[in-house]
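Dear colleague,

Please find below the structure that I am handing over to you. My notes on it follow directly after.

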Amino acid sequence: MSFLILGRRSTQLSRIPTRELFLFSCSFSSQSPNNSISNYRSTIFYSWYNSSNRRNKGFSSIFNGRAKNPSGSIWGVRFLSSEAAVEPTTADGLTVEGIIAKNWNILDDSEDDWKSHASSIAQSVHLIKKRLKWKRLMYRLEVLSAQLNKADLWDDPVHAGKISREHGSLMNKVEDVMAIEQELVEHIDMIKLAREENDPELESESVKALLGIRRNVKEKELEALLSGEHDNCSCFIEVQAGAGGTESMDWASMVMQMYKMWAQRKGYGVSVVDEMPGEIAGIKRATIKVDGENAFGYAKSEVGVHRLVRISPFDSAKRRHTSFVAVAVIPILGDGSTHVQINESDLRIERYRSGGAGGQSVNTTESAVRITHIPTGITASCQNERSQHSNKASAMAVLQSRLDQLEMARQAQMNAQHTQSLTEISWGNQIRTYVLHPYRMVKDLRTNYEVSDPDSVLEGDLDDFILSYLSTSIDKDEE
Amino acid sequence: MRLTKLSERRLRPACVSKKMKLSFIRPISCCSVSSPATSVKPQKPIFLRPPTFKTTISDLQKWHHWAKSLISSVGSTFLELDNGPDSELLLRELNWLVEDAIETPKSFLQQPHKNYNDNSSVAVRASLEQLYMLWKRRVEERMPFQYVVGCEHWRDLVLSVQEGVLIPRPETELIVDLVDDAIKENGELREGLWADLGTGSGALAIGIARILGTSGRVVATDLSPVATAVASYNVQRYDLEEKVHVKQGSWFEPLRDNEGEFVGLVSNPPYIPSKDIGGLQAEVGRHEPRLALDGGASGMNDLIHLCDGAVSMLRPGGFFAFETNGDEQSKFLVHYIETKKQGNFSKVKMVSDFAGIKRFITGFRGR
Ligand SMILES: C[S@@+](CC[C@H](N)C(=O)[O-])C[C@H]1O[C@@H](n2cnc3c(N)ncnc32)[C@H](O)[C@@H]1O
């Protein structure tokens, strides 16, 4: 028995869910078609195989030729339709939901208590599934699998690539969660077994492993907040000063600075695309580009109106002022997404601040352009590059994203609020207040999260605001 | 068709003798590394120099602070005087100078106001004295910013420029787009021989060479030895020695060998009327070479010469694009071509720049 257990440990319990391993375990599946775990793995293998071959058109024929397992069902579909059979359970029939129902006390993770670890892991898994909108996700996966199995899929390689990418990314998420569940029940089995066999070393090893999983899955809770279709994209952040002259223009530049610093802290690339300075201080409006994984997923929490209360340094009478700034965030869709087609002939490209004769008579480093998309009236401009050509290219990128955003809003694929452009954001839609006088505080009006140190927030310490917003807005959605 | 043959034949004897003479006199004008010692040595732009100078953050901040105070004293006086730069533009230029001159510009620019006692050292591509001197010349002598940093960002290129060479203008970028459109319509143009007349820094020649096919070539000519030296340097920097040949000489003269073989001609010749030169913006009038600007009494001496010469240089179906001073010159030239060069060209038209000024004329050699 203990020999057998060791054997299991080496292949399953201590298994790291790497793709190589899944590949390996797949080779068993055709020999043991009735083993549900093998089927589960072969599905995962299929997803790995599929995502690594998505650019290879020739792959489709291999896939169609070999996709069926001996019982005749297609891997992906079988996996999904036999989900119940796959649900991980302990030897004595305890499921992850079952663990939650036991209501074991969750103690601090420094306590060596396996029930506490197990309970915490089960709670996290539950939360993650909720955040991922599990049922919807599984349904989507089923739809995608069905499409992937169509014989004519690769007749349209662009569409096929999109489907296969989405399937791959959803599959990764499912794979992750199910691997955690599997490990959880296996370790519980192991602990019970160790007790029966009186093997404290084995038991403590598994308790330790549970602790590792518990910490790891806590981090995954956060990741699961960013599961929206475009969350992983880079984005543009736009800021516009409200009424109130120099004071609110100064506030706009403070807000912009806050985002630049936030983005730098997160290791994102930041570049100013467009900036319209105020006459005396601050900015009227500005656009920055934030480059990096999940930039949009986080920054979208900032959409809305930000309010500042302070004694204005621009008021000689030292009165208290309230000013407003609107923030919009636009995802920059990756190459895999469908972009709105822009017709050259629909564009009007103008030079900004072109005074005088131009050409040889003028020497200037000012080469800003504004591009207008005539059918929609949407404009974009860029002035921070050093050549007109690059300014035009940057402005085109902004225009493309704005048009894509408009199209997304039209298709209502995203939370309506996040697709709003700067001009559509109502000044009534206040999301956060920053008070510097008479007391000091920053408070998010959506979550009631608040801190008493505005300076650190204005220096880009925004993550807590963002995460509390993301979790409240997602977790309150009932599935 | 027969007419051109005749004129070609008539030209030939003169051509040959000139060529023979030239082969004795003319220095090696192709962009070879072995240019004679007498030729102009191109200067390296600041951003390409090694960061061999060491200075402290605090000294650099003092310089930066001084440079900014110089800027704020300008306000909008230059703008009102001759449409020169205002302080906002100068501030942006100062940031670019910092970007070009300091090895780690980001960390410096992000906290310029913090403290003045930071004695940690920074690596810089020009000495502090040079930085003071350069910025002083920028503001007090109105030296163009591009001569200060030794380069101009043009299209997706960074071209080396120095006094004696015209700084390529943003308007001129569009000529490359016009060529691109023509190439897309007629694939033969992609693989043929092009000429950029009066190449200056080599901007057009390089921009075009980069969109031509593998067998496409560009001959770039200029009368100015500084221009040919700088153009050759830029061609080298973009690894285009195979594709772009820089030759010194007046307009079509260096091209006589290939008369009638060109699939495309582009040029941004001097086009400012002589009487306007005195009133130019200081950056242009005081610093840029007159040879690059002055187009004679009407401003169109060279443009007319180019229109005349294009007939015999271009192959049937070949494309031309010339930059002009604006609406008036463009209209005149289109009319000139339609009446005086009747039948030689087709699809002659004017094209506007992004300011809405009819900046270019384009057309095709008739087939
Ligand atoms: C307005 S600049 C254009 C430079 C460059 N093509 C550009 O667009 O930046 C005109 C150029 O024509 C050159 N040029 C003037 N007279 C010339 C001539 N007779 N033959 C050849 N080039 C000449 C000048 O030296 C100058 O480089």
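In what follows, two residues are said to be in contact when they have heavy atoms within 4.5 Å. The model is a predicted one, and on that footing B:L131 is in contact with B:L60, B:W63, B:L97, B:A101, B:V124 and B:A126, leaving aside its neighbours within four places in sequence. B:L131 also belongs to the largest nonpolar core, which has 85 residues. B:L131 is listed there among the residues with the most contacts inside that core, together with B:W63, B:L97, B:W135, B:W194, B:V244 and B:F319. A second core, separate from this one, has 47 residues, including A:Y268, A:V325, A:V442 and A:L470.

I turn now to the ligand. Its surroundings comprise 17 residues, of which B:G198, B:D222, B:W251, B:N268 and B:A292 are the closest. The site is shared between chains, because the residues that surround the ligand come from chains A and B. By class, this shell consists of seven nonpolar, nine polar and one charged residues.

Three pairs of atoms deserve mention. One nitrogen atom of the ligand lies 3.1 Å from an N or O atom in the side chain of B:S250. For B:W251, a polar backbone atom is 2.9 Å from a nitrogen atom of the ligand. At B:N268, an N or O atom of the side chain is 2.9 Å from a ligand oxygen atom. Of the 590 Å² of accessible area that the ligand has on its own, the protein covers 96%.

With kind regards

Methods
Residues are numbered from 1 along each chain as its sequence is written. Chains are lettered from A and ligands numbered from 1 in the order in which they are written. This is a predicted model: local features need pLDDT of at least 70, side-chain atom pairs count only at pLDDT 80 or more; totals for chains, interfaces and linings use all residues. Side-chain values use heavy atoms; hydrogens and water are left out. A nonpolar core is a set of buried Ala, Val, Leu, Ile, Met, Phe, Trp, Tyr and Cys residues joined through side-chain atoms within 4.5 Å. Buried means under 20% relative accessible area, exposed over 50%, partly exposed in between (1.4 Å probe, protein chains only). A residue is near a molecule or strand if one of its heavy atoms lies within 4 Å of it. A polar contact is a pair of N or O atoms within 3.5 Å; within protein, one must be able to donate a hydrogen and the other to accept it, and residues adjacent in sequence count only if both atoms are side-chain atoms. Accessible areas come from the Shrake-Rupley method with a 1.4 Å probe; for residues, only the protein chains shown count as cover. Ala, Val, Leu, Ile, Met, Phe, Trp, Tyr, Cys and Pro count as nonpolar, Asp, Glu, Lys and Arg as charged, and the others, Gly among them, as polar.
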